[in-house]
Amino acid sequence: MKKGLFVCYPRCTTCQKARRWLEERGALVEERDIKEERPTADELRAWHAKSGLPLKRFFNTSGLKYKELGLKDKLPTLSEAAQYDLLASDGMLVKRPLLVAADFVLVGFKEKEWQERFE
């Protein structure tokens, strides 16, 4: 991977682990704090399309905000556009870290998955 965007929440231990993993491999990434500079609906649309994943995977389902808003039951009834808007409204609703490269997007840190992309 030449250059990418690492979207994270610096206080998240999983994000810290992913950052160390990237550093060990000499990956050049621009880091972005998801709480300070949350992704826009358009960015999320593009990343979702590039990821090949279901949109639900972009939601931080274990987060307090997700539970607070009762999204487990509400998500299936929302349109895709409404889901993008919801994700864009609060960075803490977005699964992290996100690694955005020219030809792929990884959501959440699963070392095996990331390793496959880097080989």
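Student: What makes Cys-15 count as buried in this predicted model?

Tutor: Set its value against the cut-off: buried means under 20% relative accessible area. Cys-15 has 0% relative accessibility, so Cys-15 counts as buried.

Student: And why is Cys-12 called buried?

Tutor: The reasoning is the same kind. Cys-12 is at 15% relative accessibility, which is under the 20% limit, so Cys-12 is buried.

Student: How do you know whether Cys-12 and Cys-15 form a disulfide?

Tutor: A disulfide needs two cysteine sulfur atoms within 2.5 Å. The closest cysteine sulfur to that of Cys-12 is in Cys-15, 3.4 Å away, so the two are too far apart for a bond. A search of the whole structure finds zero disulfides.

Student: Now the sheet. Why are S2 and S4 said to stand at the edges?

Tutor: The open sheet has four strands in the order S2-S1-S3-S4, with mixed pairing. Strand S2 (28-33) and strand S4 (105-107) each have a single partner strand, so one side of each is left without a neighbour in the sheet.

Student: How do you know that S1 and S3 are paired?

Tutor: Pairing needs at least two bridges. Strand S1 (residues 3-8) and strand S3 (residues 98-100) are joined by three bridges, so they pair, and they run antiparallel. As one example, Leu-5 has Val-100 in S3 as its bridge partner.

Student: What makes Glu-31 and Arg-19 a salt bridge?

Tutor: The limit is 4 Å between a side-chain nitrogen of Lys or Arg and a carboxyl oxygen of Asp or Glu. For Glu-31 and Arg-19 the closest N and O atoms are 2.8 Å apart, so the pair qualifies. Glu-31 lies in strand S2 and Arg-19 in helix H1, so the pair ties together parts that are twelve residues apart in sequence.

Student: Is Glu-31 buried, partly exposed or exposed, and how do you know?

Tutor: Partly exposed is the range between the 20% and 50% cut-offs. Glu-31 is at 39% relative accessibility, so Glu-31 is partly exposed.

Student: What about Arg-32 and Glu-43: which of the two is buried, and which is partly exposed?

Tutor: Arg-32 is at 7%, which is under 20%, so Arg-32 is buried. Glu-43 has a relative accessible area of 23%, so Glu-43 is partly exposed. These two also form a salt bridge, with their closest N and O atoms 2.8 Å apart. Arg-32, Glu-37 and Glu-43 are linked in a network of salt bridges.

Definitions and conventions: Residues numbered from 1 in each chain as written. Predicted model: local features only at pLDDT ≥ 70, side-chain atom pairs only at ≥ 80, totals over all residues. Heavy atoms only, no water. Buried < 20%, exposed > 50% of the residue type's maximum accessible area, 1.4 Å probe, protein only. Helix = DSSP H or I, 4+ residues; strand = E, 2+ residues; numbered from the N terminus.
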